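Colleague: Got a minute to walk me through this model? I'd like the overall layout and then a bit of the surface.

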Amino acid sequence: MSSAHEQRAEPVGIDELLDRVRAGYERIGPEDAAAAAADGALLVDIRYAALREADGLIPGALVVERNELEWRLDPQGSHRAPEAVSHDLRVVVICNEGYASSLAVDSLRQLGLHRATDLVGGFQAWRTAGLPVTL
């Protein structure tokens, strides 16, 4: 039961939500993501298994299912991945086409991973750019 003082947020469409989320950080393209990885950033592939099996993997990327992302990347979490060493870690989240990754970045930033970003165009942009993919 809700209280009389509780206010309900106005509904927002997904396009507006994405615009709001993306306004809070700078997204990067495939070449910049590759350069960031070469400089020590953690590439995190959140695509589901069927997409990874069909299209391949980015060499060196950490594969984390979207529903586990926050638990695996929270440096204070008991279920964190060994790579999740600091809130200062540069993380580049990669989904298939660059939509779900933006929402994931928003969640990671709320956990304090202030350098998290995502790849514009996702895995498909990485592959189209001719960057390494393993099958």
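Modeller: Sure, here is the overall layout, then a helix pair and a surface patch. Keep in mind that this is a predicted model.

Colleague: Okay, how many helices and strands are in the chain?

Modeller: The chain has 6 helices and 4 strands. Going from the N terminus, the order is α-α-β-α-β-α-β-α-β-α.

Colleague: And what size of box do the C-alpha atoms fill?

Modeller: Roughly 55 × 30 × 30 Å for the C-alpha atoms, along the principal axes.

Colleague: What share of the residues is buried?

Modeller: Buried residues account for 40% of the 135 in the chain.

Colleague: Switching to packing: at what angle do helix 1 and helix 5 pack?

Modeller: About 50 degrees, and the axes of helix 1 and helix 5 are 10 Å apart. Helix 5 covers residues 100-110, while helix 1 is 14-22.

Colleague: What do you call that orientation, and why?

Modeller: Oblique, because an angle of about 50 degrees is neither under 35 degrees, over 145, nor in the 65 to 115 range.

Colleague: Which hand does the crossing have, left or right?

Modeller: Helix 1 crosses helix 5 in a left-handed way.

Colleague: Now the surface. Which residues make the nonpolar patch?

Modeller: V12, I14, L17 and L103 make a nonpolar surface patch of about 270 Å².

Colleague: Where is V12?

Modeller: V12 is in the segment before helix 1.

Colleague: Why does V12 count as partly exposed?

Modeller: Because its relative accessibility is 33%, and partly exposed runs between the 20% and 50% cut-offs.

Technical notes. Residues numbered from 1 in each chain as written. Predicted model: local features only at pLDDT ≥ 70, side-chain atom pairs only at ≥ 80, totals over all residues. Heavy atoms only, no water. Patch = residues over 30% accessible without salt bridge, like charges linked within 9 Å, V, L, I, M, F, W, Y side chains within 5 Å. Areas by Shrake-Rupley, 256 points an atom, 1.4 Å probe, with all protein chains shown as cover. Salt bridge = Lys/Arg side-chain N within 4 Å of Asp/Glu carboxyl O. Helix = DSSP H or I, 4+ residues; strand = E, 2+ residues; numbered from the N terminus. Buried < 20%, exposed > 50% of the residue type's maximum accessible area, 1.4 Å probe, protein only. Axes fitted to C-alpha atoms, helices over the stretch in contact; angles between N-to-C directions. Left-handed = near helix turned anticlockwise from the far one by under 90°.
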